[in-house]
Amino acid sequence: MKIGLLGFSKVGKTTLFNILTGAHVTVDKYAAGRAEPNVGVAKVPEPRLDRLAAMFKPKKTTYAHVDFLDIQGLEKGEAKTLDLKEMRNVDAIAHVVRAFRDDSIPHGQGPLDPRRDVSNMETELILADLEVAQRRLERLELNIKKAKNKEDELELPVVKRCLEALERETPIRELDLTEEDVKKIRGFAFLTAKPLLVIANLDESDVPKMSDFVEKFGLESYASRRRLGLCAISARVEEEIASLEPSDARAFLDDLGLKEPAKDRLIRAAFGLLGLVQFFTVGEDECRAWPIRAGAVAPRAAGTIHSDFEKGFIRAEVVTYDDLVAAGSIAAAREKARLRSEGKTYVVKDGDVINFRFNV
Ligand SMILES: Nc1nc2c(ncn2[C@@H]2O[C@H](COP(=O)(O)OP(=O)(O)OP(=O)(O)O)[C@@H](O)[C@H]2O)c(=O)[nH]1
Ligand SMILES: [Mg+2]
């Protein structure tokens with residue numbers, strides 16, 4: 001899974017990239033970000049897995065991961081011309097919006113106004129997609145005129161729908177497309193078809209009132225949009241947290257009234273927006289979180305561990321995370337009849353602890 005950090009220039013994308021992935025890419029007040037994108041990996045923090053690891057004391061604990069990609073900042077009007085090809089093969093876009101005040105750092109978009117920037121970036125992405133959709137439509141119509149091809153004829157109405165939406169300034173992610181429709185347009189990698197996470201990079205002084213950011217910046221109308229998430233972080237404060245010893249970091253978070261670093265919430269928000277849930281496997285050797293698509297059935301989930309598990313799937317022994325923690329061990333959960341035996345059609349839930357039975 002890959003998430004692309006996108007934003008206007010000097011909003012703190014690379015600073016945030018460093019925090020999320022533990023990288024040390026240099027950031028500069030005035031120099032523009034480098035042309036080559038930065039790529040890195042972030043662990044998906046999972047307190048439930050921490051707890052399971054404390055219970056099973058495994059040799060190894062393995063968290064889920066997401067990849068982050070950081071590109072150079074955009075100026076208004078550039079999305080169409082730059083093509084943003086790196087952003088076309090990510091699974092979700094994270095739009096980093098400047099909400100910190102610092103007169104010494106240039107801000108090409110004018111006075112601080114996160115709402116304007118969110119709206120302008122949406123327009124940028126819509127314009128970039130419009131180009132692609134228009135070109136595709138012309139080509140399809142031409143093809144159909146020349147030689148009637150069934151596939152082209154089936155694709156035409158989907159592309160038309162996308163184009164009409166874009167002309168109404170509606171991002172494709174808000175359309176009701178079937179799985180079939182989505183397959184037909186996958187090749188064009190529309191930017192507005194991807195889930196969008198808006199990340200407000202807050203001023204340090206706003207951190208104690210962090211949860212008010214939606215109202216403060218007038219982002220209410222975005223809060224209910226489909227497949228769009230909003231979250232806030234102060235890259236400056238997170239930098240500081242990351243530089244502290246764990247016990248000092250804890251005290252610092254307590255002072256700010258925060259339960260966990262905002263980066264942890266941010267990564268989980270991105271993960272949820274991708275439509276992923278996690279199940280766990282436990283044991284003395286390894287406790288592990290496995291990301292799967294929400295709605296996946298048990299054999300499919302087994303297949304993420306090993307294809308043999310899917311092919312030879314017999315049953316899944318499932319206990320919920322809460323039941324397992326309450327019982328204290330798998331054996332105790334079984335005694336309390338909390339261990340269920342599920343078959344091929346069972347839809348795996350977030351937080352299920354599973355042992356797969358299979359033959360090879
Ligand atoms: N005060 C303050 N400064 C920040 C914050 N986040 C980033 N900065 C500073 O803003 C400047 C630009 O940060 P970058 O992370 O390079 O921003 P960027 O969006 O990657 O910039 P480009 O890639 O050039 O578009 C640096 O001097 C950072 O230290 C913040 O939350 N508060
Ligand atoms: Mg940068």
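Here are three short exercises with worked solutions on this predicted model.

Local features need pLDDT of at least 70, side-chain atom pairs count only at pLDDT 80 or more, and totals for chains, interfaces and linings use all residues. Residues are numbered from 1 along each chain as its sequence is written, and side-chain values use heavy atoms, with hydrogens and water left out.

**Exercise 1.** Work out which residue of β7 stands opposite A200.

Solution. Start with the term: strands are DSSP runs (E, at least two residues), helices are H or I runs of at least four, and both are numbered from the N terminus. Next, find β6 at residues 196-202, which pairs with β7 in the parallel sense over 6 bridges (pairing takes at least two DSSP bridges). Across from A200 you'll then meet A232.

**Exercise 2.** Is strand β7 largely enclosed or not, and why?

Solution. Buried means under 20% relative accessible area, exposed over 50%, and partly exposed in between (1.4 Å probe, protein chains only). Now look at residues 228-233: 5 of the 6 are buried, so β7 is largely enclosed by the rest of the structure.

**Exercise 3.** Find what the salt bridge between E122 and R173 ties together.

Solution. A salt bridge puts a side-chain nitrogen of Lys or Arg within 4 Å of a carboxyl oxygen of Asp or Glu. For E122 and R173, the closest N and O atoms are 3.0 Å apart. E122 sits in helix α5 and R173 in the loop between α6 and α7, so the pair links parts 51 residues apart in sequence. Check burial too: E122 is buried at 9% relative accessibility, and R173 is buried at 1%.

How values were computed: Chains are lettered from A and ligands numbered from 1 in the order in which they are written.
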